[in-house]
Amino acid sequence: MDILERIKKDAGGPIGMYQAYSHGYFSFPKLEGDIGPRMTFRGREVLNWSLNNYLGLANHPEVRKADADGAAEFGMAAPMGARMMSGQTKYHEQLERELAAFVGKEDAFLLNFGYQGMISIIDCLLSRRDAVVYDAESHACIIDGLRMHTGKRFVFGHNDMESLRKQLGHAQKVAEESGGGVLVITEGVFGMKGDLGKLDEIVALKKEFDFRLLVDDAHGFGTMGPDGRGTAHHFGAIEGVDVLFNTFAKSMAGIGAFVASHKYVIDFLRYNMRSQTYAKSLPMPMVMGAFKRLKLIRTHPEYLERLWTIVHALQNGFRERGFDIGVTQSPVTPVFLKGDIPEATNLVVDLRENYNLFCSVVVYPVIPKGEIILRIIPTAVHTLEDVEYTLQCFDAIRGRLASGEYRKPMPNMADK
């Protein structure tokens, strides 16, 4: 079949198949105005719980000024070229040193984008002789990186240490036969359910098995551990994490990412990560803005304290009202409900149109049929009044869901 004819017949795939009535409302919604708890959605102000702006830095006046000053001084084009060829600056090097020191590693390497960077890290670290063992609920960037690996892959049950031990046994045997090594990959904070990777227990398994550990701590950097230094510090396991990945797209409220490790590992990545060798250097406004963001994280612990004040109020409030928020140990707050896609659709429309409350919804095929996740992301700039109002809204929609009020045809929001 012709490629484009196949695409036309496929009608958008398992997620895009609903685009006819979801585009612009459930998918690709436009949130307008200054980034924060109050934004505009389709002409109406909404209470917004759908941004990973954990520390409230996105619209911080000092951050906005640093971004503007960086653009005014250097422009968006500088530096022109890839780091290895013509895109290196003293500012890139200085930011790498400061980031490495903050997370407790010898060296760091700036990356243009988090998703792209994680794929490239995995591709760069592994040879065809190596075996890799990864958590079953790893982020898509990890899965896509693993698709590039031509060696053996073993998946362990999510946060299941007995499963990991079993798969490590298989992986170590394969590595011994091939002359390769073993890499374990997990996350610090799992972004869908908010639970933490058991980094301390994984590190402890190094006493039984010979492996290296790569951790994606996108949601943990800035939110977990002393001073927001990350989930590995939360567990006191930073020495056992061999390669640490963090993004600027969450707590740093920016663009870019970095990987931190031993200096010899970072030197290897600098010269072998294809996504960086053949891509333009991180633009100067992003670099200069990152300095300000990192400084604010280091010098204003009250931002982290405010975040956790909101997190505890929100999560305790949900639990006290009998809502199922799973086993989250992080700011990520999933609310688990039961219902099919039409019910989820009508529920979300009710929240947005009648309660002016915006949060993300997750349904099949991302999660099993019959389940609904409303994903709440608290930030340091939300208020306790925002929390109380949200809890009242969720009480109301839960009652309507239970009564069957949402069992009606799905609205075609694309026509509205």
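Tutor: Two strands pair if DSSP finds at least two bridges between them. Helices and strands themselves are DSSP runs, numbered from the N terminus (helices H or I, at least four residues; strands E, at least two). One caveat before we dig in: this is a predicted model, where local features need pLDDT of at least 70 and side-chain atom pairs count only at pLDDT 80 or more, while totals for chains, interfaces and linings use all residues. Residues are numbered from 1 along each chain as its sequence is written, and side-chain values use heavy atoms, with hydrogens and water left out.

Student: OK, pairing first. In which sense do β1 and β2 pair, and over how many bridges?

Tutor: Antiparallel, over 2 bridges, with β2 covering residues 38-41. To find the spot on screen, pick Leu31 and look across to Phe41 in β2, which stands opposite.

Student: In what order do the strands of that open sheet run?

Tutor: It goes β1-β2-β3-β12, 4 strands with mixed pairing. The edges are β1 (31-32) and β12 (357-358): each has a single partner strand, so one side of each is left without a neighbour in the sheet.

Student: And which strand pairs with β5 over 5 bridges?

Tutor: That's β6 (residues 152-156), and this time the sense is parallel. Tyr134 is a handy marker here, as it stands opposite Val155 in β6.

Student: Is β5 mostly covered or mostly open?

Tutor: Burial comes from relative accessible area with a 1.4 Å probe and protein chains only: under 20% is buried, over 50% exposed, and anything in between partly exposed. On that scale β5 (residues 131-135) is mostly covered, with 5 of its 5 residues buried.

Student: Which residues of β5 point which way?

Tutor: Ala131, Val133 and Asp135 point to one side of the strand, Val132 and Tyr134 to the other, and all of them are buried. Note that the list includes Asp135.

Student: Now a helix. How does the reach of α13 fit what's expected at 1.5 Å a residue?

Tutor: The expected span is 1.5 Å times one less than the number of residues. Helix α13 (residues 284-299) has 16 residues and reaches 23 Å from first C-alpha to last, close to the expected 22 Å.

Student: Which residues of α13 are buried?

Tutor: Quite a list: Met284, Pro285, Val287, Gly289, Ala290, Phe291, Arg293, Leu294, Leu296 and Ile297. Click on Arg293 while you're there, since Arg293 is on the buried list too. The cover over these residues, going by contact (heavy atoms within 4.5 Å), includes α4 (61-74), α5 (90-103) and α14 (301-320).

Student: Let's do backbone oddities. Is the peptide bond from Ala78 to Pro79 cis or trans?

Tutor: Cis, with omega near -10 degrees. You'll find Pro79 in the loop between α4 and α5, two of the helices that help cover α13.

Student: What is the phi of Ala253?

Tutor: Positive, about 50 degrees, although Ala253 is not a glycine. Ala253 sits in the loop between β9 (243-247) and β10 (257-261). At 18% relative accessibility, Ala253 counts as buried.

Student: And what about Asn356: which loop holds that residue?

Tutor: The one between α15 (341-354) and β12, the edge strand we met earlier. Phi of Asn356 is near 55 degrees, again a positive value in a residue other than glycine. Asn356 counts as partly exposed because its relative accessibility is 29%.
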